[in-house]
Amino acid sequence: MLGVTKTYIMGEVRVQALKSVDLELAKGEFVVLLGASGSGKSTLLNILGGLDVPTTGRVIFRGQDLTAASDRVLTRFRRQSVGFVFQFYNLIPSLTARENVALVTDIAPNPMHPREALERVHLGDRIHHFPSQLSGGEQQRVAIARAIAKRPQVLLCDEPTGALDFQTGKLVLETLAQVNQELGTTTAVITHNAGIADMADRVLTMRSGTITADQRNEHKVEPKELEW
Ligand SMILES: Nc1ncnc2c1ncn2[C@@H]1O[C@H](COP(=O)(O)OP(=O)(O)OP(=O)(O)O)[C@@H](O)[C@H]1O
């Protein structure tokens, strides 16, 4: 993205959530996004994933300018190229794990079989379970299976461990690291836990709508070794 700004106008109040952000993500890299509440992390992620559009500036994906794209092209970009994982899983309670994943594989052009996606997150033996029959960490892994089943080029995760305890959170992070390695999916993870940054290739820090630090980790730490 180039020179991206985002201004929200609520009546008299204008909030500048992003102020001229330039950012290029490399294929396959694992990026952690840190920053205080309100610094613009979710706004940045939503614009990267085509869920929101910038007020000014450009978003380019593999040479294609998404800011100039029609709604149809943007919808196709979201549907085929981006997987999303949110803090509260967003599974449909009346559908099994397999059916939750199948919702996405039914509309993607070259998806994995739902069973394969669930096996990748180590839930091959839970495919007929409903969300209420799964723990929080397992539900989040179903959400990850759903996000990767379409084989997206980009996986965007907004506080994926925010609702989980330490050990369960680490399991979810292990799953994200493993998927990143196996599928080569460019992965961006928003977190409040600075300790998680040690597992990333690259760590971005945001403050008041700008990226104030952009660092590479020379040595990545395995998720199971993380402390926070
Ligand atoms: N839809 C919206 N309408 C109006 N203001 C918004 C909207 N979304 C975000 N904002 C404002 O933009 C700023 C950046 O919000 P954003 O959610 O991107 O921050 P964040 O770093 O993700 O915060 P958190 O860590 O609390 O989720 C905040 O001041 C927020 O109140």
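## Strands 3, 10 and 11

Strand 3 (residues 30-35) and strand 10 (residues 202-207) run parallel and are joined by five bridges, where strands are DSSP runs of E with at least two residues, helices are runs of H or I with at least four residues, and both are numbered from the N terminus. Two strands are taken to pair if DSSP finds at least two bridges between them. Within this parallel pair, leucine 34 stands opposite threonine 205, and glycine 35 stands opposite methionine 206. This is a predicted model, in which local features need pLDDT of at least 70 and side-chain atom pairs count only at pLDDT 80 or more, while totals for chains, interfaces and linings use all residues. Residues are numbered from 1 along each chain as its sequence is written.

Strand 10 is also joined to strand 11 (residues 210-216), by six bridges and in the antiparallel sense, and here threonine 205 faces alanine 213. Threonine 205 of strand 10 thus appears in both pairings, opposite leucine 34 and opposite alanine 213. The hairpin of strand 10 and strand 11 has two residues between the strands, and serine 208 lies in that loop with a phi near 45°, a positive value in a residue other than glycine. Serine 208 counts as partly exposed because it has 14 C-beta neighbours inside 10 Å; a residue is buried if 20 or more other C-beta atoms lie within 10 Å of its own, exposed if 12 or fewer, and partly exposed in between, with C-beta atoms placed from the backbone.

## The six-stranded sheet

These strands belong to an open sheet of six strands in the order 7-8-9-3-10-11, with mixed pairing. Strand 7 (82-85) and strand 11 are the edge strands, and since each has a single partner strand, one side of each is left without a neighbour in the sheet. Neighbouring strands of this sheet are turned by 20° against each other on average, direction ignored, the axes being lines fitted to C-alpha atoms (for helices over the stretch in contact) and angles running from 0 to 180 degrees between N-to-C directions. Helix 6 (residues 166-183) packs on the sheet, where it touches strand 3, strand 8 (154-158) and strand 9 (186-190), and its direction makes about 160° with that of strand 9; residues are in contact if their C-beta atoms, placed from the backbone, lie within 7 Å.

Valine 85 has its place in strand 7, and it counts as buried because 24 other C-beta atoms lie within 10 Å. Leaving aside residues up to four places away in sequence, valine 85 touches Ala143, Ile144, Ala147, Cys157 and Pro160. Arginine 98, by comparison, is 13 residues from valine 85 in sequence and 17 Å from it in space, C-alpha to C-alpha.

## The three-stranded sheet

Another open sheet is formed by three strands in the order 2-1-4, with antiparallel pairing. Its edge strands are strand 2 and strand 4 (56-58), each of which pairs on one side only. Strand 1 and strand 2 are paired over six bridges, and isoleucine 9 stands opposite arginine 14 in strand 2. Helix 1 lies across strand 1 and strand 2, running at about 65° to strand 2.

Serine 20 lies in strand 2 and has a positive phi of about 45° although it is not a glycine. With 13 C-beta neighbours inside 10 Å, serine 20 counts as partly exposed.

## The ligand shell

The ligand is surrounded by Tyr8, Met10, Val15, Ala17, Gly35, Ser37, Gly38, Ser39, Gly40, Lys41, Ser42 and Thr43, a residue being near if its C-beta atom, placed from the backbone, lies within 6 Å. Strand 1 (2-10), strand 2 (13-21) and helix 1 (41-48) are the elements that give two or more residues to this shell, and helix 1 provides the largest share, three residues.

By class, the shell has four nonpolar, seven polar and one charged residues; here Ala, Val, Leu, Ile, Met, Phe, Trp, Tyr, Cys and Pro count as nonpolar, Asp, Glu, Lys and Arg as charged, and the others, Gly among them, as polar. Gly35, which belongs to the shell, is the residue that stands opposite methionine 206 in strand 10.

## The chain as a whole

The chain has six helices and eleven strands. Its radius of gyration, taken over C-alpha atoms, is 17 Å, close to the 17 Å that the globule rule gives for 228 residues, so the chain is as compact as a globular protein of that length; the rule is 2.2 Å times the number of residues to the power 0.38. Along its principal axes the C-alpha trace spans about 50 × 40 × 35 Å.

Of the 228 residues, 39% count as buried. Among contacts between residues at least 6 apart in sequence, 69% join residues at least 24 apart.

Key
Contact = placed C-beta atoms within 7 Å.
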